[in-house]
Amino acid sequence: MNSNSVHQLAFIAGFKLLAEHVLMNNEAYYPGLEGVIAGETEISTVDGGLIYRGYPIEELAEKSTFLEVAFLLLNNKLPNQEFLADFQSILSESAVVPEPVLNFLTEIPLHSSGMDSLRTGIGALAHFDSQVDESTKDANLAKAVRLLAQIPILIANRYRITKGMKTVPPNPELSFAANILYMITGKDPSALHEKAMDVSLILYAEHEFNASTFTARVITSTMSDMHSAITGAVGALKGPLHGGANERVLEVLQEVGTADNAEAWVRDAFAEKRRIMGFGHRVYKEGDPRAVILRKYCQELAEETGNQEMEKIADTIEELVRSEKGLPPNLDWPSARLYYYLGLDVELYTPLFVASRIVGWAAHVIEQAENNRLIRPRSRYTGMEKQPYKIMSDR
Ligand code: SDX
């Protein structure tokens, strides 16, 4: 068979695969909705780097604070000094969790994870929010600000309850990032720790139609409420293919233990075809720009906390996975060790992702509600052919 006919056969086989896989009876089917544009948004884009409301993430991480970014994402403009001061004072006034919800945090079984407890806590807050079923933009903005203020209290209180420690109320004198560390650790953070936490919150805040954000939009598209959308989003973020990866990244780094063990560990993972948490991304195939930004803070904090060995482990694994699998690290790869260097326990890592992403989720809930169309895709049926009913005696 000459090479021409081989090419023709290959072309036919490839086209047949395409017809079976993507186009059949005039349907377009993309597993996992990969590459599908499922809606329009003015909030952010990952095309050409990560951009929030027109501002590149690199500039926001360097020059802005998480609170300014939260205001930007929710209000579509950076705040001036006056707006920021108002935003800060509304947040401080909203940093109150109803007593019954705080008490329930003590009733949740100790074995329940931080994410399960947070999902329950947010659901419980709905019962005490007078605007729970109001879906005007003003009502949704007010609920977003309340949740932004209340979620860190749920996270910190639940964590300290599970450790048998007294809870620490927020300190209105501290920044948002500093307050999260203060409520968790009971200590005022250093300027470097505050900045590192603040940058991680900026980087986690928003990421267009990721799985948890899309979950929030689907729930909103039925005209359900903000608390239901956010509770659903927390459930989606918990998964290890999504937000839950940052907790598993720390388990990898601790399992490897020393830089000398790193190569053997990676080769075992390759041999067993294991997914290495913190690597790969559905949309970033050349690398996650957020990981590049946060890595600098990891190096600085590792120096300050004597964790250079963990940096060496991370760099060795990153080099191998990138060079042999073509998989660059995503944001969860540096964020896990950054939180470890800040002295935070692993069960806090994905909840901290929620403390930031609540802003992106809420912005998308507001945007979906403002220009809504029920999100209801089709499915391709691959079940049993049509058949006559069988009475019991014939089964
Ligand atoms: C987040 O979407 C977002 O924007 C999410 C996020 C956000 O800000 O909201 O960025 C936050 O969730 C970051 C991702 C955190 N998750 C992880 O780190 C989990 C590990 N990563 C993977 O499971 C994976 O990379 C995904 C889920 C992130 C993306 O997977 P895709 O796009 O569905 O790619 P795939 O699973 O089809 O993988 C393609 C190939 C496969 O090889 P083959 O089966 O074709 O031979 O790459 C391999 C995969 O096996 N692969 C990996 C891998 N990720 C992909 N192999 C080993 N380790 C990995 N981490």
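Two strands pair if DSSP finds at least two bridges between them, and strands here are DSSP runs of type E with at least two residues, numbered from the N terminus.

**View 1. A three-stranded open sheet.** Welcome to the predicted model, in which local features need pLDDT of at least 70, side-chain atom pairs count only at pLDDT 80 or more, and totals for chains, interfaces and linings use all residues. Residues are numbered from 1 along each chain as its sequence is written, and side-chain values use heavy atoms, with hydrogens and water left out. The 3 strands run in the order E3-E4-E5 with antiparallel pairing. At the edges sit E3 (44-45) and E5 (55-56), each pairing on one side only. Strand E4 (residues 51-52) joins E3 in the antiparallel sense over 2 bridges. Look for Thr45, which stands opposite Ile51 in E4.

**View 2. Two domains in contact.** The domain assignment (bounds are automatic or from a database) splits the protein chain into domain 1 (44-238 + 347-370) and domain 2 (245-341). Their C-alpha centres lie 26 Å apart. Across the boundary, 23 residues of domain 1 are in contact (heavy atoms within 4.5 Å) with 22 residues of domain 2.

**View 3. The shell around the ligand.** Of the 21 residues around the ligand (a heavy atom within 4 Å of it), His207, Arg275, His281, Arg282 and Arg290 come nearest. Both domains take part: domain 1 and domain 2 each supply at least three residues of the shell. By class, the shell holds 7 nonpolar, 7 polar and 7 charged residues; Asp, Glu, Lys and Arg count as charged, Ala, Val, Leu, Ile, Met, Phe, Trp, Tyr, Cys and Pro as nonpolar, and the others, Gly among them, as polar.

**View 4. Ligand oxygen atoms and side chains.** An oxygen atom of the ligand is 2.6 Å from a side-chain N or O atom of His281. For Arg290, the corresponding distance is 2.7 Å, and for His242 it is 2.9 Å. The protein covers 69% of the 1000 Å² of accessible area (Shrake-Rupley method, 1.4 Å probe) that the ligand has on its own.

Terms used. Polar contact = N/O pair within 3.5 Å; in protein donor to acceptor, adjacent residues only side chain to side chain. Helix = DSSP H or I, 4+ residues; strand = E, 2+ residues; numbered from the N terminus.
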